[in-house]
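Visitor: I am new to this structure and should be grateful for a close look at how its parts are divided and joined.

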Amino acid sequence: MPASRLAASSGSSMRSWAIKIVLLGLVDALAVFAMFVLFMQESWIVFGVTLAVTIVINWIYLRPGGLPAKYLAPGLLFLAVFQIFVVVYSGYIAFTNYGDGRNGTKADAIENIQLTSLSRVADSPTYRLQVLEQNGSYSFLVTDPDGDVLVGNPDQPLTEVTNAEIDGTGKAISLDGYTTLSFADLLNNQRAITSLSVPFSDDPADGALRTPDGSNAYVYESALEYDEASDTFTDATGLVYRDGGEGAYVNDDGRELIPGWTINVGFDNFVTAFSNDDIRGPLISVTIWTFAFAILSVATTFILGLFLAIVFNKPGMKGKKVYRLIMILPYAFPAFLSGLVWLGLFNQDFGFINQVIFGGAAIPWLTDPWLAKASVLIVNLWLGFPYMFLICTGALQSIPEELTEAATVDGARPWAVFRLIKFPLLLVSVAPLLISSFAFNFNNFNIIYMLTGGGPRDINAGVDAGATDILITLVYKVAFGEGTGRDYGLASAFAILIFIIVATVSIISFRQTKALEELN
Amino acid sequence: MTNPFNPSDGQEIGARLNPAVAGAATTVRDRDEPRETRPSIPERRRRGFGYWFRDTGWRHLIGVVMLVFAAFPLAYVLSASLNPTGTLVGSNTLFRTIDFGNYVELFQLPQQPYAAWFVNTMVIGLTTSLGTVFLGALAAYAFSRMRFTGRRVGLLTLLLVQMFPQLLGVVAIFLLLSGIGEIFPQIGIGTQAGLILVYLGGALGVNTYLMYGFFNTIPVSIDEAAKIDGASHARIFFTIILRLVAPILAVVGLLSFIGTTSEFVIASIVLTSPETQTLAVGLYQFVSQETSTNWTLFSAGAVLAAIPVMALFLYLQKYIIGGLTAGSVK
Amino acid sequence: MKVTRSLLATGAMAASAALLLGACAGEAETADPTTAPETPAASSTLTVWVDADRAGVLEDIAAQFEADRGVAVELVTKDFGAIRDDFITQAPTGNGPDVIVGAHDWLGKLVQNGVVAPLELGDTAGDFQDVAITAMSYEGQTYGLPYSVENIAMVRNTDLVAEAPATFDELIAAGQAAGTEYAFLVGLDPAASDPYHLYPLQASFGAPVFEITADGTYDPTTLALGNEGGEQFATKLAEWGSQGILNTNISGDIAREEFIAGKSPFFLTGPWNIPAIQEGGINYAIDPIPTAGGETASPFVGVQGFFVSSRSENTIAATEFLVNYIGSEEVQTALYEVGGRAPALLSAFEAAQADADVAAFGAVGAEGVPMPNVPAMDVVWSDWGSSQVAIINGQGDPVELWRAMVASIQEKVTAG
């Protein structure tokens with residue numbers, strides 16, 4: 001090894017070692033800070049995980065060897081945090097009833113039912129209010145509509161007082177022995193003050209005053225009373241609502257109080273997914289179309305993209321920069337904007353395609369089942385070919401010219417050179433991307449929703465499935481379209497099932513690709 | 001110490017090449033056309049139009065057809081952007097009026113700071129694409145050059161993770177970022193840094209594969225020659241390999257930039273104040289109200305938003321097209 | 001040498017490691033919000049989600065509120081269409097906003113999810129239009145502070161037809177007599193029709209969506225769509241479809257362009273299209289919607305307003321901000337001026353009557369009913385629209401299609 005080279009190398013070693021120590025120190029400092037916060041919050045599990053991760057990171061970068069981990073760790077960390085988390089979260093939700101009306105904890109639900117069951121007694125008067133404090137507890141100083149002044153707190157019913165200080169508008173604003181709370185004081189104790197209930201007398205039937213805003217009090221009555229001991233709500237007519245075990249309080253007639261709360265439901269969502277008639281009925285035709293759509297989308301965009309990449313990979317061709325530039329435009333505009341334009345172009349009576357290209361013909365592009373399928377594929381081709389064009393243009397660069405030159409010298413025709421030499425090589429590097437593109441289109445919710453919404457729907461069929469519905473749009477309709485609203489639990493169960501299908505198909509395809517790779 | 005460099009499958013293709021390492025590294029960046037294939041105009045004249053058409057002309061024909069196919073729907077957008085009272089698709093008469101009022105108005109709305117959105121989009125897009133290229137290249141290098149347990153499974157997993165239907169993605173991301181924000185407010189909800197980190201979560205995956213395939217075509221003999229010279233793996237990676245794979249870095253960077261700048265769903269959850277929002281989020285507000293949509297202003301905004309993508313593509317084109325070919329034929 | 005190998009990766013490491021740590025921490029934090037430290041008083045901030053148009057007006061009043069009350073108001077500009085669903089997902093985490101702007105027909109969903117708190121308007125309730133307060137109520141409880149009221153009406157090109165027709169049949173006759181390309185225009189969708197715009201015609205046959213209970217609210221369990229009037233309406237839809245009076249390929253954008261081009265004397269639309277019609281130089285009048293089935297053709301009234309989150313820790317500040325600031329005539333007028341929607345506050349509404357168009361739409365709206373705000377409406381819209389498309393395009397017997405639709409909606413509503 002040349003001496004100069006060695007010197008440079010060891011010099012840069014020292015520098016890189018120093019940089020490494022600084023960066024690692026920075027990470028550790030942030031980790032210690034996070035652990036400190038977690039310690040104060042007593043979040044022990046997360047504290048433990050943080051500690052473990054920090055140790056692992058230090059171990060990876062300080063130990064000798066283990067080179068792959070050093071290169072992979074940064075990307076994998078981001079992946080774990082932002083992608084795996086979503087998957088794990090969906091997996092967790094699939095086993096719950098999380099969805100509209102079931103999106104919080106039971107404690108939140110109880111609090112909310114109590115909150116919404118309280119209402120101002122109709123046509124009851126407004127009491128002007130000043131909140132007072134005495135020995136750390138709050139009292140209401142109210143001026144009734146007749147100008148009488150009363151004071152009271154949740155433990156002591158309202159009694160009339162005469163020694164209160166009255167302001168210019170006739171409102172009592174302070175009382176000896178009490179501290180008058182300013183608006184800022186109110187803001188600091190908003191929950192406590194809005195939850196105060198000051199009775200008129202010892203008899204609860206006389207009602208109680210509450211304040212929603214700290215400056216006015218009203219007589220409130222509650223339509224539902226919660227009994228903590230038996231965990232039930234009772235309404236004014238004596239009907240009892242119990243925790244029915246399904247994340248809501250229900251009475252004997254089956255009427256539920258809203259909101260409910262999230263509970264664990266085990267495999268219920270998966271059972272529903274398999275037994276749902278709206279899914280089972282159209283399942284076969286929708287599955288076939290989903291595969292057809294995904295495969296044809298990949299095939300058309302890839303063939304066009306590859307063809308164009310080859311066409312414009314001609315050295316010395318004039319203007320190819322402009323062609324290339326224009327061709328990536330469909331990719332550079334917001335897809336939903338393009339979708340709307342295409343929607344307009346396809347309009348049966350007014351669209352450019354019928355009016356201008358087909359001379360006024362009334363071709364039902366989006367409302368005929370087969371034409372709608374074709375339209376979706378055409379738009380997806382338009383949206384997707386620039387991606388394939390870019391990928392193929394890039395991938396073509398990795399194919400050594402020597403190979404084609406050698407073959408050409410041997411007398412092979414250009415088509416043969418492409419088919420026998422370039423294409424197999426290209427396929428090895430882009431096959432994984434084609435599989436990934438297949439998976440993307442398999443779940444390409446947006447294009448279907450934007451153009452046809454899954455339609456045209458056979459209105460007589462009795463199910464929501466339309467001619468262009470793919471699995472993911474069908475699932476969306478079933479999980480989010482019932483009277484109960486969005487059922488994230490069911491949607492997640494479907495997501496997992498669809499993932500299993502896509503992953504299986506992909507893994508099988510990968511095996512094929514490997515075989516291909518080994519051929520070369 | 002075990003040697004993680006283990007030349008094996010996937011590298012035979014590249015091994016047939018015998019490029020001069022240093023030459024490749026330096027010439028790649030300077031030229032966008034392979035030197036020896038530059039057309040010789042007198043020769044073309046000699047052979048006449050027929051030859052020219054068979055050789056190059058038909059490509060122009062296809063180019064023009066594709067130009068119409070690719071650009072025609074967008075002509076509606078351009079036409080709408082130049083018409084202060086028009087709609088997006090209401091009519092088949094394009095370019096009835098030419099008026100740049102919408103473009104002027106874009107920069108004069110106090111509630112919709114278009115200029116700020118533009119800058120934000122550039123910052124977020126460029127940072128994310130640089131980060132994606134860097135993280136992806138690190139991983140692709142490991143997968144291509146080193147042999148370790150779980151390598152094949154790891155490669156496959158990267159791809160599979162991104163196939164998961166993201167029905168709940170938004171909910172999960174919100175929970176995650178608001179949780180992070182409790183400890184590090186600088187990267188919580190409402191911050192551009194937080195958004196960039198979320199985007200970097202997708203850095204591995206398809207991109208890694210794309211790069212991995214390309215890395216495999218770089219002969220291992222190059223690494224080994226450098227190693228014999230005493231270069232560390234870091235040095236080999238940064239100073240030699242990265243230059244050789246410039247085309248694919250440019251492609252991944254461009255794809256990532258386009259993906260980031262047009263991403264709407266996550267950005268609209270994370271970025272909360274108008275000054276921090278991106279073009280995709282901000283522009284959508286022009287048309288999201290069913291009763292007061294402003295298509296013409298929106299179209300003008302979208303036309304301007306497409307310019308950076310085109311500029312970046314023009315800039316990167318020389319790396320994408322020049323690339324390895326230029327070095328290998330020396 | 002061994003140590004130095006890993007230098008490069010370390011750079012990217014710093015950020016990502018910190019992130020993971022933070023992230024893990026975050027999960028626990030959201031799971032257990034009670035351990036969060038109390039926020040100090042001085043930093044009391046009211047977070048308000050608004051759409052871009054509203055944000056400008058609220059900026060001034062927010063500054064005023066901060067000056068008066070010492071509470072900062074953070075205005076978060078959101079895409080209006082995303083506010084409802086984002087709010088429903090974010091509020092339960094405890095990290096959602098304190099106040100949102102929204103439409104009254106979201107209310108059922110918001111209440112069902114327990115994310116919205118009742119709002120006591122106190123003695124100011126009487127200062128608003130009755131329809132606005134009714135719309136902001138759900139199961140007897142008031143939830144929002146309304147700021148605008150809007151509805152559709154029949155816009156007539158006075159150069160083409162001089163007199164307002166009394167019935168829909170007369171309208172069609174007048175439209176055909178005018179000799180224009182279309183007798184009548186309304187924006188529909190090829191896949192989803194537009195039950196909102198067609199509702200007044202349906203209502204004139206005596207077929208509302210749900211039965212109305214004694215206290216004037218909708219009973220979401222009893223559909224009224226399927227009554228005899230509904231079936232008569234379905235028959236009429238098919239007839240209008242076959243005559244080309246209704247065309248599902250005419251979208252809202254196309255309808256507006258054609259009306260502005262003078263190709264039809266009538267356009268069933270709302271105040272949002274009036275500025276474009278004025279710019280197009282059309283002489284127009286805003287008429288009541290003529291009846292098709294004999295009864296009053298009452299349109300749906302849409303009300304927009306502000307809601308307080310049930311998870312807000314700032315309820316007093318939020319209530320104060322809504323009732324005494326956004327509820328003021330000054331703010332209601334300012335909101336009207338920027339959005340063109342008639343104010344919900346009576347005094348501001350009366351002042352806005354100076355504008356003849358607002359007065360005319362308001363007169364039509366006085367006959368209207370609030371759009372149902374029950375959660376089941378999501379289901380209703382979808383089936384209602386696609387069945388209308390099938391009927392208009394003659395894809396079956398109208399009455400049978402209508403009955404199938406009613407059965408399908410009933411099934412889903414019952415399942416809910």
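Into which domains is chain A divided?

Guide: The model is predicted, so local features require pLDDT of at least 70 and side-chain atom pairs pLDDT 80 or more, while totals for chains, interfaces and linings use all residues. Residues are numbered from 1 along each chain as its sequence is written, chains are lettered from A and ligands numbered from 1 in written order, and side-chain values use heavy atoms, leaving out hydrogens and water.

Chain A is divided into domain 1 (3–93), domain 2 (116–222) and domain 3 (284–519); such bounds come from an automatic or database domain assignment. Between the C-alpha centres of domain 2 of chain A and domain 3 of chain A there are 66 Å.

Chain A also meets chain B. In this contact (heavy atoms within 4.5 Å), 104 residues of chain A and 105 residues of chain B take part. The two chains bury about 9,900 Å² between them, with carbon and sulfur atoms giving 79% of it; buried area is the accessible area (1.4 Å probe) that two parts lose on being put together, summed over both. On the side of chain A, Y71(A), F82(A) and Q397(A) lose the most area to chain B, together 8% of what that side buries. The rule finds zero salt bridges across this interface, a salt bridge being a side-chain nitrogen of Lys or Arg within 4 Å of a carboxyl oxygen of Asp or Glu. Seven residue pairs, both at pLDDT 80 or more, are in polar contact between chain A and chain B. A polar contact is a pair of N or O atoms within 3.5 Å; within protein, one must be able to donate a hydrogen and the other to accept it, and residues adjacent in sequence count only if both atoms are side-chain atoms. Helix 3 (residues 67–93) of chain A gives the most to the side that touches chain B, with 19 residues; helices (H or I, at least four residues) and strands (E, at least two) are DSSP runs numbered from the N terminus.

Chain C offers a second example of divided architecture. Its 416 residues are 64% buried, where buried means under 20% relative accessible area, exposed over 50% and partly exposed in between (1.4 Å probe, protein chains only). Chain C contains 16 helices and 15 strands. Its domain 1 covers 41–150 + 302–370, and its domain 2 covers 153–299 + 373–415. The centres of these domains, taken over C-alpha atoms, are separated by 29 Å. At their junction, 20 residues of domain 1 of chain C are in contact with 22 residues of domain 2 of chain C. The area buried there is about 1,700 Å², and carbon and sulfur atoms give 61% of that area. D357(C), F361(C) and V364(C) supply 34% of the area that domain 1 of chain C buries against domain 2 of chain C, more than any other three residues. The rule finds two salt bridges across this junction. R84(C) forms a salt bridge with D378(C), their closest N and O atoms being 3.3 Å apart.

A single residue of chain C may close the account. P220(C) lies in strand 10 (residues 218–223), and P220(C) counts as partly exposed because its relative accessibility is 26%. Leaving aside residues up to four places away in sequence, P220(C) touches F210(C), V374(C) and V413(C). P220(C) and M377(C) are 157 residues apart in sequence, yet 8.7 Å apart in space, C-alpha to C-alpha.
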